[in-house]
2 protein chains.
Amino acid sequence: MEWKNELTQLLGITYPIVQAPMLGITTPAMVAAVSESGGLGSLPVGGLPPERVAALIREVKSLTAAPFAVNLFVYEPAPSYDRKAFEEMQDFLQFLYGANRLAVPRVNFDEVPFYSWRDQLPAIFAAGVKLVSFTFGMPDEAGYKLLKEHGVTLIGTATSVNEAVVLKEAGTDIIVAQGIEAGGHRGSFLGDSLPQVGTMSLIPQVVDRLRVPVIAAGGIMDGRGVRAAFNLGAMGIQPGSLFLRAHESLATPGHKAAIGRLTDTDTVLTRGFTGRWARGIKNKLLQEIEASGLQISGYPYQNELTQPIRKLARELDNTDFAVMWAGQSAGKARAWSTADIFAELVRDTESPNH
Amino acid sequence: MEWKNELTQLLGITYPIVQAPMLGITTPAMVAAVSESGGLGSLPVGGLPPERVAALIREVKSLTAAPFAVNLFVYEPAPSYDRKAFEEMQDFLQFLYGANRLAVPRVNFDEVPFYSWRDQLPAIFAAGVKLVSFTFGMPDEAGYKLLKEHGVTLIGTATSVNEAVVLKEAGTDIIVAQGIEAGGHRGSFLGDSLPQVGTMSLIPQVVDRLRVPVIAAGGIMDGRGVRAAFNLGAMGIQPGSLFLRAHESLATPGHKAAIGRLTDTDTVLTRGFTGRWARGIKNKLLQEIEASGLQISGYPYQNELTQPIRKLARELDNTDFAVMWAGQSAGKARAWSTADIFAELVRDTESPNH
């Protein structure tokens, strides 16, 4: 098993294994543990205030001198949304919470916060971060220019061949190809309909189309998945669900327990939680939102609408009302330390019968 | 590359490569070519009259003495369907055809034919067929008993871990695990919602759950896919789209040309063509059916409703109104002979850089 390749060279790492950025799950400790293990940790900062971005980067840097990536939501919030639809959904949610004896504060439409990736760049440049991954879209021409001027290597996220082509042509250095098996948000950003291409189909077609290092994401949980991804032509892999139950994960005990019981068909693709398509565990909150028939606002509005209940559900460890991301293979995740999970993945890939 | 394994032994073949049964596409010549090449050809006979089943088996046997499988739709047609919904869809289709200057005969609801797998068994037993694959469901206890008494090895189709478990426990010898990438009909038969599990996620989870040979289907088009499937734990592979453009394929020139232009996102899952979920190329007929908002009858009623236009579209080679099955990787299919396609797959698996 030869791990060194063009990708490890580009990223300055030992193993071409990238921990998927999972906002709300990934901690600086998880990022550092992966990078210290020889992989690439990814620090998710999508939508966070610049001072928080700076603090999180400092925290990772205090834990490791190894390379890590900062992950951005490259996304422009729509200037305005349908206030009526927003409030109708909010009224419905408040009724639902009341019926379940949950006291959840209302959200003020005019105070929905979202810090753009543009707002975050100064903190990233100031910290000397040279690896930036992004999802939900792509920088504009000025953005690419600025990032390149600061010597940043760019890792974009594609869910179709066409998205990969567009990313590459704009100057993205590395493509994460995200199959439909993956948990959490889809990186989709082109076209009207969501691409739903399986990892087995997506990777070879992206690889055949582009001369660019491709990182496979979606359904990879052990050495079998790593070897399969390499066989399909990927130069690296990006597991996410693999780390959901890690000691360093922010997932609540209830979320981690639900992952432990997960079967291949327990997750669904939905816009109900955040306004963007994402894969998570079916639960009461989602069923009620989808059964309501109400219009779901776009991101970040629906996301903000569900923030208060997510906060409360976290405090109460209430899995009926939490948002619990997971991929189709998440049931295989282990409740180990991040370092142990990483080491086992390497061992299992090198000698499947150890 | 060691091809011999428990599966090749069970099936009496050289390469654990099974040609997917594709009703309306697969010919006896295609079946025989795959079996003559050392793989397992599959003759689809779902819903056909028993005398036609006997004739097709005779035709394959006249072309090869090697083993091949007969593929059944193991499915009980519902005793009655909503006649009003059927006629409303029929009226809509007739209007659509008229607006497109296509003269298509109406279908008589009371004359919708469907030969059950039970009706077909005598022809299969009489011909001495010892390999039967099936999809859409599973035989009842009496059916398993009868098939086993005739010394038949059974290959069932699962789209989720749970379906695989149920098939295995009933006495199925081999499981085809069909990932969401696959073209044509889904084999799903349990639960209210369609499992949409990617091949990368499905195969290891089925393999871990069951001690039974697993054949991977969905997204496999070349040696990369074959090696990936084996790495995931499969003992065999079942490509379908790979053979769509074969010289022996019944696909029309227009369908074959559309396959040649196909990208990863050009297919959709739909019930619109047949009443069962299946993956095919988006075209005018499908868009109109889905946009109509009319109720789609169950299989085989919707299937029968679209038979006359499918027949006419085939005669005219009209791709707007044809039903064109295809998987997410079908764009890689080559317009070669079945034997050449098969040999290339073996070569590409054995030495990727030939």
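In chain A, three strands make up an open antiparallel sheet in the order 6-10-9; strands are DSSP runs of E of at least two residues, helices are runs of H or I of at least four, and both are numbered from the N terminus. Strand 6 (184-185) and strand 9 (267-270) of chain A are the edge strands, each pairing on one side only. Two strands count as paired if DSSP finds at least two bridges between them. The model is a predicted one, in which local features need pLDDT of at least 70 and side-chain atom pairs count only at pLDDT 80 or more, while totals for chains, interfaces and linings use all residues. Residues are numbered from 1 along each chain as its sequence is written, chains are lettered from A and ligands numbered from 1 in the order in which they are written, and side-chain values use heavy atoms, with hydrogens and water left out.

Within this sheet of chain A, two bridges join strand 6 to strand 10 (residues 278-281) in the antiparallel sense, and A:Gly184 has A:Arg279 as its bridge partner. In chain B, strand 6 (residues 184-185) and strand 10 (residues 278-281) likewise run antiparallel and are joined by two bridges, with B:Gly184 opposite B:Arg279. Strand 10 of chain B also pairs with strand 9 (residues 267-270) of chain B, antiparallel and over four bridges; here B:Thr267 is partnered by B:Ile281.

Chain B further contains an open sheet of seven strands with parallel pairing, in the order 1-2-3-4-5-7-8. Strand 1 (41-44) and strand 8 (236-237) of chain B stand at its edges with a single partner strand each, so one side of each lacks a neighbour in the sheet. Strand 5 (residues 174-178) and strand 7 (residues 214-217) of chain B run parallel and are joined by four bridges, one pair of bridge partners being B:Ile175 and B:Val214. Helix 5 (residues 117-126) of chain B packs on the sheet, touching strand 2 (68-73) and strand 3 (131-135) of chain B, and its direction makes about 160° with that of strand 2. Such angles run from 0 to 180 degrees between N-to-C directions, the axes being lines fitted to C-alpha atoms, for helices over the stretch in contact.

Strand 7 can also be followed in chain A. There, strand 5 (residues 174-178) pairs with strand 7 in the parallel sense over four bridges, and A:Ala177 stands opposite A:Ala216. Strand 7 of chain A also pairs with strand 8 (residues 236-237) of chain A, parallel and over two bridges, and A:Ile215 has A:Gly236 as its bridge partner. From strand 7 (residues 214-217) of chain A, A:Val214 and A:Ala216 point one way and A:Ile215 and A:Ala217 the other, and all are buried. Buried means under 20% relative accessible area, with exposed over 50% and partly exposed in between (1.4 Å probe, protein chains only).

Two helices show how other elements are enclosed. Seven of the nine residues of helix 2 (residues 28-36) of chain A are buried, so this helix is largely enclosed by the rest of the structure. Its buried residues pack against strand 1 (41-44), helix 3 (50-63), strand 2 (68-73) and helix 14 (338-350) of chain A, where contact means heavy atoms within 4.5 Å. A:Gly38, whose phi is positive, near 105°, follows helix 2 of chain A. In chain B, helix 13 (residues 338-350) has 13 residues and reaches 18 Å from its first C-alpha to its last, close to the 18 Å expected at 1.5 Å a residue; the expected span is 1.5 Å times one less than the number of residues. Among its buried residues are B:Ile341, B:Phe342 and B:Leu345, and the buried residues of this helix pack against helix 2 (28-36), helix 9 (223-232) and strand 8 of chain B.

The largest nonpolar core has 196 residues, of which A:Leu72, A:Leu285, B:Leu72 and B:Leu285 touch the most other members. Helix 4 (residues 83-99) of chain B gives the most to this core, with six residues. A nonpolar core is a set of buried Ala, Val, Leu, Ile, Met, Phe, Trp, Tyr and Cys residues joined through side-chain atoms within 4.5 Å. Leaving aside neighbours within four places in sequence, A:Leu285 is in contact with residues including A:Leu93, A:Phe273 and A:Ile309.

Finally, chain B can be laid on chain A with an RMSD of 0.0 Å by a turn of 180° and a shift of 0.0 Å along the axis. The two copies are thus related as by a two-fold rotation axis. The superposition is by least squares on the C-alpha atoms of residues with pLDDT of at least 70 in both copies. B:Ala228 comes closest to the rotation axis among the residues of chain B, at 2.0 Å (C-alpha). The copies meet through the same surface, because 100% of the interface residues of chain B are also interface residues in chain A.
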